[in-house]
Amino acid sequence: MRFSRMLLPTLKESPADAEVMSQRLMVRAGMIKKVAAGIYEILPLGLRVLRKVENIVRQEMDRAGAAEVSLPVVIPSELWKESGRWDKYGPELLRVRDRHNREFCIGPTHEEVITDMVRGSVRSYRQLPLNLYQIQTKFRDEIRPRFGLMRGREFVMKDAYSFHADERCAEAEYKNMLEAYTRIFQRCGLEFRAVEAESGAIGGSFSHEFMVLTDTGEDEVAACGSCEYAANVERAEVRPPVDKEPSLSEKSINPIESVSTPGKKTVEQVSAFLGVEPAALIKTLIYDTDKGPVAALVRGDLELNEMKLARVFDVSDVALADEETVSDVTGAPSGFAGPVGLKIPIYADYSLLGMCGAVTGGNEADTHIRNVLPGRDFEATYCDLAFARTGDGCPRCEGTLTLRRGIEVGHVFKLGTKYSESMGATILDANGKERPMIMGCYGIGIGRTAAAAIEQNHDEAGIIWPPGLAPFAVEVLVIKVKDETSMSAAEGIYNELTEAGVETLFDERNVRAGIKFKDADLIGIPVRITIGERNLAEGLVEVKVRATGEENKVKVEDTVTEVQRLLKELGG
RNA sequence: CGGGGCGUGGCGCAGUCUGGUAGCGCACCUGCUUUGGGAGCAGGGGGCCGGAGGUUCGAAUCCUCUCGCCCCGACCA
């Protein structure tokens, strides 16, 4: 491809609204251009990269036994009403009407459509399993799109759906997809972890997020340094402490006493006022549940994870109780709740085990109490309630967890029968009994993967593409276009490379060398061949590796073989 | 949805407070010089100042409404 024939508007300055590096570099490298919040035009260079990701995904999905389909972007509301999601999905679902005033939505995901496709034509367990995927543009009307392609409203996604006659088969496919995803992201040249997103109650986990580890990710991941355990911080479990022997100080601790703490409600205020560490406080939160109000306790320096609390009660959601409920159950305004003397069920985080002489609310306005000893002064059910932190114990081994940021680029999820049941996608099993198909779904954000690759692979000068995703393998750069010798040598090398099947960008623009060098670094093509008069006089050209800066002079006639050797070495 | 900020040429911005015929840098066009890391000089083209209404002799500037964009938070998975 000739540079001059390609729309490749590089920018010297960064766009004002770009928050993260990948977005800045994609805009500056002329890959994307924003047209509206979360909606982008993809320019030729950008598309080439997206196609690289797509093709890797396609190859690995095919290799894993999945078949590609194409599903509609515009989906009739009936399908979504069947599954019940038309009412549940909320404003993120973009709804439109056609000229006959019929309702449709722009597909944000395609469980309904794929289920509809399969339910008509699959009637027997003999026709299963199936795994169908598509690579397609989707739309989610995100509240706050940001970070360029990382969190757009319109975005390209690979989504796959599998159908099975029994659980074992569904689980096998789940593993199959985990392996396929691992291959995909390896080929993309990314540092990533498959992270448990949700643990099944009975062994194993059936939701994994593939997280690319970077400093700018939107999600926080707790990963064990010693084993494979990794989980979204919102779900990450913490190893329960071994039972603590009561220490001497515990035995000899003084009885509780009240202290006046006028207007001191928050942990910071109370710890500052009393001159104790936040970790010496017990935070008491009153929550509303189906079973009435409960108290949840965590150590003062930790944060309660509502999801963990919800899981204790096996509900999808818990909410902090309102002011009225708090004063009803504690007899005090919020900010002064404490476990001592409470009549409602008390759930305490493991972090309370071994605490002694703690400070808690006094269940009385402007009052706290100290010398509180769990077990002596109140009883509680102990469980894992706090957000995991760096240094916490791994739940699976003796190692410790470290928190890192990550970008979710893929998600593998066992769906079960939610859609097949509501939409009547059933088969007859070997006994002639009708049962819903068991489904799984598997997504990969294409644009997000490309963005994540940039987050992980760039320097001050620009992008450094992993060979697998590079828009071109090689860039041929002529210093002086007007010099006929240079130009004909460059043309020769360019043609040879192209004929050898090496994707080559030929920068034959009639601009100063400096501009071309800067653009080459910015665009980040792995290998650059520079053709200048001086070297050419000795029959040489320069071959430079973008990632390492390593540079070699090569004989003109050896260029193509040398480049091919280099590319092989780089893993392209 | 709450709070804050910004809309001025393709991009980045000044001008707005204190109304008086729209400016700078980059990019673009022409010429000359230059030519291995975003050149210099000279000349030039391009802007319904986001939109509507109002105040005024006169509005980018003041007032009202509106649309869009960005940031923080809440929401969402």
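The largest nonpolar core of this predicted model has 58 residues, and M31, Y181, F185 and W465 have the most contacts inside it. A nonpolar core here is a set of buried Ala, Val, Leu, Ile, Met, Phe, Trp, Tyr and Cys residues joined through side-chain atoms within 4.5 Å. Buried stands for under 20% relative accessible area, exposed for over 50%, and partly exposed for what lies in between (1.4 Å probe, protein chains only). At least three residues of this core come from each of domain 1 (47–72 + 107–237 + 403–454) and domain 3 (472–570).

A word on conventions: residues are numbered from 1 along each chain as its sequence is written, and chains are lettered from A and ligands numbered from 1 in the order in which they are written. Because this is a predicted model, local features need pLDDT of at least 70 and side-chain atom pairs count only at pLDDT 80 or more, while totals for chains, interfaces and linings use all residues; side-chain values use heavy atoms, with hydrogens and water left out.

**The whole chain**

Chain A is divided into domain 1, domain 2 (248–383) and domain 3, with bounds that come from an automatic or database domain assignment. The centres of domain 1 and domain 3, taken over C-alpha atoms, are 40 Å apart. Along the principal axes, the C-alpha atoms of chain A fill a box of roughly 95 × 65 × 50 Å. The secondary structure comes to 16 helices and 31 strands; helices (H or I, at least four residues) and strands (E, at least two) are DSSP runs, numbered from the N terminus. Of the 572 residues in chain A, 50% are buried. Among contacts (heavy atoms within 4.5 Å) with a separation of 6 or more, 68% are between residues 24 or more positions apart.

**Around helix α1**

Helix α1 (residues 21–28) is largely enclosed by the rest of the structure, because six of its eight residues are buried. Those buried residues are S22, Q23, L25, M26, V27 and R28. Their cover includes the strands β1 (32–36), β2 (39–42), β25 (458–459) and β26 (462–463), together with the helices α12 (446–456) and α14 (513–523). After α1 comes G30, whose phi is positive, near 70 degrees.

M31, met above in the core, is in contact with M26, E41, I42, L43, L45, G46, V49, I463 and W465, leaving aside its neighbours within four places in sequence. In the segment before α1 sits A18, which counts as buried at 6% relative accessibility. With the same kind of neighbours left aside, A18 is in contact with Q23 and R24. The C-alpha atoms of A18 and G148 are separated by 7.5 Å, although these residues are 130 residues apart along the chain.

**The second largest pocket**

This pocket holds about 390 Å³ of space. A pocket is found on a 1 Å grid over the protein atoms alone, as an open set of points where a 1.4 Å probe fits, with protein on both sides within 12 Å along at least five of seven lines; lining residues have an atom within 4 Å of a point. Grid points are joined across faces, edges and corners, and the volume is the space filled by probe spheres set on the points.

There are 24 lining residues, and K265, K283, T284, L285 and G335 are the closest to the centre. At least two residues each come from α8 (267–274), β14 (282–289), α10 (323–330) and β18 (358–361), and β14 gives the most, with five. The lining divides into 12 nonpolar, seven polar and five charged residues.

**F336 and the backbone nearby in the list**

F336 lies in the loop between α10 and β17 (346–349) and is buried, at 2% relative accessibility. F336 touches N363, E364 and D366, among others. The C-alpha atoms of F336 and E364 are separated by 6.3 Å, with these positions 28 residues apart along the chain.Both N363 and D366 are found in the loop between β18 and β19 (367–372). Most residues other than glycine have a negative phi, and most peptide bonds are trans. The table sets out two residues with a positive phi.

| Residue | Phi | Relative accessible area |
|---|---|---|
| N363 | about 55 degrees | 14%, buried |
| D366 | about 55 degrees | 33%, partly exposed |

Elsewhere, a cis peptide bond joins L128 and P129, with omega about 0 degrees. P129 is found in the loop between α5 (111–121) and β7 (130–139).

Key:
Ala, Val, Leu, Ile, Met, Phe, Trp, Tyr, Cys and Pro count as nonpolar, Asp, Glu, Lys and Arg as charged, and the others, Gly among them, as polar.
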